[in-house]
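Please open the model in a viewer and keep the sequence at hand. The tour below proceeds stop by stop, stating what to select and what is found there.

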Amino acid sequence: MNDANFLPIERTIFTSEHDMFRNTVRRFMHDEVIPNLDKWNKQNHPDREVWLEAGKHGLLCVTTPPEYGGAGADRKYSAVLIEEQQRANAAGPGFVMHSEIVAGYIERYGTEEQKQNWLPKMARGEVIGALAMTEPRGGSDLRSIATRANPIGNEYVINGNKTFITNGYVCDLIIVAARTDQPDGTSGLSLFLVEADQEGVTKSLPLDKVGQKSQDAVELFFDDVRIPKENLLGQLGKGLNHLMQELAWERLMIAIRAVAGCEIALENTVDYTKTRNAFGKSLLEFQNTKFKLAECKTKTQIARVYIDKCIDLATGKGLSAEASAMAKWWCTELQNRVLDECVQLHGGYGYMLEYPIARAWTDARAQMIYGGTNEIMKEIISRSF
């Protein structure tokens, strides 16, 4: 099925250059990612080689300025990458975490030396980035972070542990959120650049998740990890402010993936119901099948229009926290509802991991949890009342 014509309202936010980039990304996913997914799903992490290949194809850090090794592209190129990785049914590798989040923080808050040192290597895929915020007892509550960075001489000494860290197993560079004592006696949150091979840093094996097997997530342990004071990222005690600045874009990226997941699941399910016969006719000829698919297609189209508007706003830096929270909550819940219907229409085969719909179904569940749970999204929305 031609995905460009699947929904009745044509998308208008992309230029011919974005379309050319989409073709490049789709070929990369077909050649470098899809053939390796079974292996990555079994080992619970992607291979490092794919990062180097992505770097060679110019697919990493696309929004990073050219002077730091990126393409200096707009965020619509990032949206294309997210959509095409979802089309490939590939939860990993964690290109978005690496390129849009970790590199983004370094670009916005790093010193010139930090940017020159790390961003070109990240754009080439030689260094893989991770962000260590979540802790075992904290979840979505960043104010409960207990990891500490104590100043001793010209160094900070970091102690604590983090969990559910995307790219944690394969990463080389970690942005760590930790508490620091302030001159006024309070304890603020600060961000630090920590190399993964630093003495005192320990990675767990990849966590055994229900879905998203090709994307590594680990626990990280910091035991008297000594880093120079120059590794502070941004302002001392302003870490929470830094983290909050780009949450709207980070949450929209989750929603972009969710709507793309709805579209692809529907395409696959329509194709399946056309060829699967029961009681002497195709499944698509049954009224229940047609009505279920019609409902899912309508909801997906409405979500697509809203998300494309949000992508436009994010490209112009005009996306609000409330709008992105709406996008993240609504679209990830829609993704799970649509996938549930699609699995049902596949019958018993929908529960078999050899069918793409089954893996998409298990992968989607975490979308309503990470990036701030959907309950937190509703709290954000309610603050406007």
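Helices and strands are DSSP runs, of at least four residues for helices and at least two for strands, numbered from the N terminus. With that convention, Asn89, a residue visited later, is placed in the loop between H4 and H5. Please note that the model is predicted.

**The whole chain**

Begin with the entire protein chain displayed as a cartoon. How many helices and strands does the protein chain have? There are 12 helices and 10 strands. Next, show the C-alpha trace and turn it along its principal axes: the trace spans about 80 × 50 × 40 Å. The radius of gyration of the chain is 21 Å, which agrees with the value near 21 Å that a compact globule of 385 residues would have.

Now switch to a surface display. The accessible surface of the protein chain comes to about 17600 Å², and carbon and sulfur atoms hold 52% of that area. Of the 385 residues, 53% are buried. Among the contacts with a separation of 6 or more, 74% join residues 24 or more positions apart.

**Helices H1 and H4**

Select residues 16-33, which form helix H1, together with residues 75-87, which form helix H4. The axes of these two helices come within 9 Å and cross at roughly 35°. The crossing of H1 past H4 is right-handed.

Show the side chains where the helices meet. On the H1 side, select Glu17, His18, Phe21, Arg22, Val25, Arg26 and Met29. On the H4 side, the residues that they meet are Lys76, Tyr77, Val80, Leu81, Glu83, Glu84, Gln85 and Arg87. Coloured by character, the residues of this contact divide into 6 nonpolar, 2 polar and 7 charged.

**The loop between H4 and H5**

Move on to Asn89, in the loop between H4 and H5. Is Asn89 buried or exposed? Asn89 is buried, because its relative accessible area is 10%, and buried means under 20%. The backbone of Asn89 has a positive phi of about 60°, although the residue is not a glycine.

Within the loop between H4 and H5, select Pro93 as well. The peptide bond that leads from Gly92 to Pro93 is cis, with omega near 5°. Both features merit a pause, because most residues other than glycine have a negative phi, and most peptide bonds are trans.

**The end of helix H5**

Select residues 95-109, helix H5, and find Tyr109 in it. Tyr109 counts as buried because its relative accessibility is 18%. Which residues are in contact with Tyr109, apart from its neighbours within four places in sequence? They are Leu233, Gly234, His242 and Gln245. For a distance across the model, draw a line from Tyr109 to Thr289: the two are 180 residues apart in sequence, and their C-alpha atoms are 51 Å apart in space.

Arg108 also has its place in helix H5. With 31% relative accessibility, Arg108 counts as partly exposed. Leaving out residues up to four places away in sequence, Arg108 touches Arg75 and Glu246. From Arg108 to Ala255 the C-alpha distance is 23 Å, and the two are 147 residues apart in sequence.

**Thr273 and Phe279**

Proceed to helix H8, residues 247-275, and select Thr273. Thr273 has a relative accessible area of 0% and is therefore buried. Beyond residues up to four places away in sequence, Thr273 touches Ser282, Leu283, Leu284, Thr289, Leu293 and Leu345.

Then select Phe279, in the loop between strand S9 (277-278) and strand S10 (281-282). Phe279 counts as exposed because its relative accessibility is 82%. Its phi is near 55°, a positive value in a residue other than glycine.

**Tyr370**

The tour ends at Tyr370. Where does Tyr370 lie? Tyr370 lies in the loop between helix H11 (356-364) and helix H12 (374-382). At 28% relative accessibility, Tyr370 counts as partly exposed. Not counting residues up to four places away in sequence, Tyr370 touches Gln212, Ile254, Arg257 and Lys328. Finally, select Gly139 along with Tyr370: the two are 231 residues apart along the chain, and 9.0 Å separates their C-alpha atoms.

Key: Residues are numbered from 1 along each chain as its sequence is written. This is a predicted model: local features need pLDDT of at least 70, side-chain atom pairs count only at pLDDT 80 or more; totals for chains, interfaces and linings use all residues. Side-chain values use heavy atoms; hydrogens and water are left out. Axes are lines fitted to C-alpha atoms, for helices over the stretch in contact, and angles run from 0 to 180 degrees between N-to-C directions. A crossing is left-handed if the near helix is turned anticlockwise from the far one by less than a right angle, and right-handed if clockwise. Contact means heavy atoms within 4.5 Å. Ala, Val, Leu, Ile, Met, Phe, Trp, Tyr, Cys and Pro count as nonpolar, Asp, Glu, Lys and Arg as charged, and the others, Gly among them, as polar. The radius of gyration is taken over C-alpha atoms; the globule rule is 2.2 Å times the number of residues to the power 0.38. Buried means under 20% relative accessible area, exposed over 50%, partly exposed in between (1.4 Å probe, protein chains only). Accessible areas come from the Shrake-Rupley method with a 1.4 Å probe; for residues, only the protein chains shown count as cover.
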